[in-house]
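Welcome! Let us take a friendly walk through this fold, beginning with one pair of residues and widening the view from there.

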Amino acid sequence: MRIRIIPMPYGECLIIQWKDSQDADRTILLDSGTVSSYKRHLRQFLAELDGDIDLWVISHIHDDHIGGVLKYIDDMQGGILDVKCRQWL
């Protein structure tokens, strides 16, 4: 298991990754930082992600926790990213 904190000036984004019993990569994200933090840090991580996001947890709707999620949705709709989120919480 690997736990990473994406560096952001403020806001939160925690990533938990592991291999399941069938050796498939699994990824959970907690929050996403602001739009600008997402653009500087999280977007690149997602672009390099091998597979989809299994679960994205949003703790609450302050901009420093959900701003990046909103930009992620824009990126998906605009064709910038092709990394799907299977489940939201």
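A good place to start is W18, whose bridge partner in strand 3 is R26. The model you are looking at is predicted, and this pair belongs to one of its hairpins: strand 2 (residues 14–19) and strand 3 (residues 25–30) are antiparallel and share six bridges. Between these two strands lie five residues, and in this hairpin D23 has a positive phi near 65°.

**The sheet**

Strands can be partnered in more than one way. In general, strands of a sheet pair through backbone hydrogen bonds, in either a parallel or an antiparallel manner. Which order do the strands take in the open sheet here? The four strands are arranged 1-2-3-4, with mixed pairing. Strand 1 (2–5) and strand 4 lie at the edges with a single partner strand each, so one side of each has no neighbour in the sheet. From one strand to the next, the twist averages 15°.

The table sets out the pairings one by one.

| Strands | Direction | Bridges |
|---|---|---|
| Strand 1 and strand 2 | antiparallel | four bridges |
| Strand 2 and strand 3 | antiparallel | six bridges |
| Strand 3 and strand 4 | parallel | three bridges |

Individual residues help to locate these pairings in the view. R4 stands opposite I15 of strand 2, while I28 has L55 in strand 4 as its bridge partner.

**The helix on the sheet**

How do the parallel strands connect? Strand 3, helix 1 and strand 4 together form a β-α-β unit, and this unit is right-handed.

**The nonpolar core**

Now for the interior. In soluble globular proteins, nonpolar side chains tend to be buried together. How many residues does the largest nonpolar core have here? It has 18 residues, and L29, L42, L46, I53, W56 and Y72 are those with the most contacts inside it. Both helix 1 (35–48) and helix 2 (63–77) supply at least two residues of this core. Helix 1 gives the largest share, four residues.

L29 makes a fine spot to zoom in on. Setting aside neighbours within four places in sequence, L29 contacts C13, L14, I15, L42, L46, I53, L55, W56 and V57. Several of these names have come up already: I15 stands opposite R4, L55 is the bridge partner of I28, and L42, L46, I53 and W56 are, like L29, among the residues with the most contacts inside the core.

Note on methods
Residues numbered from 1 in each chain as written. Predicted model: local features only at pLDDT ≥ 70, side-chain atom pairs only at ≥ 80, totals over all residues. Heavy atoms only, no water. Core = buried A, V, L, I, M, F, W, Y, C linked by side-chain atoms within 4.5 Å. Buried < 20%, exposed > 50% of the residue type's maximum accessible area, 1.4 Å probe, protein only. Contact = heavy atoms within 4.5 Å. Pairing = 2+ DSSP bridges. Right-handed = clockwise from strand over helix to strand, strands pointing away. Axes fitted to C-alpha atoms, helices over the stretch in contact; angles between N-to-C directions.
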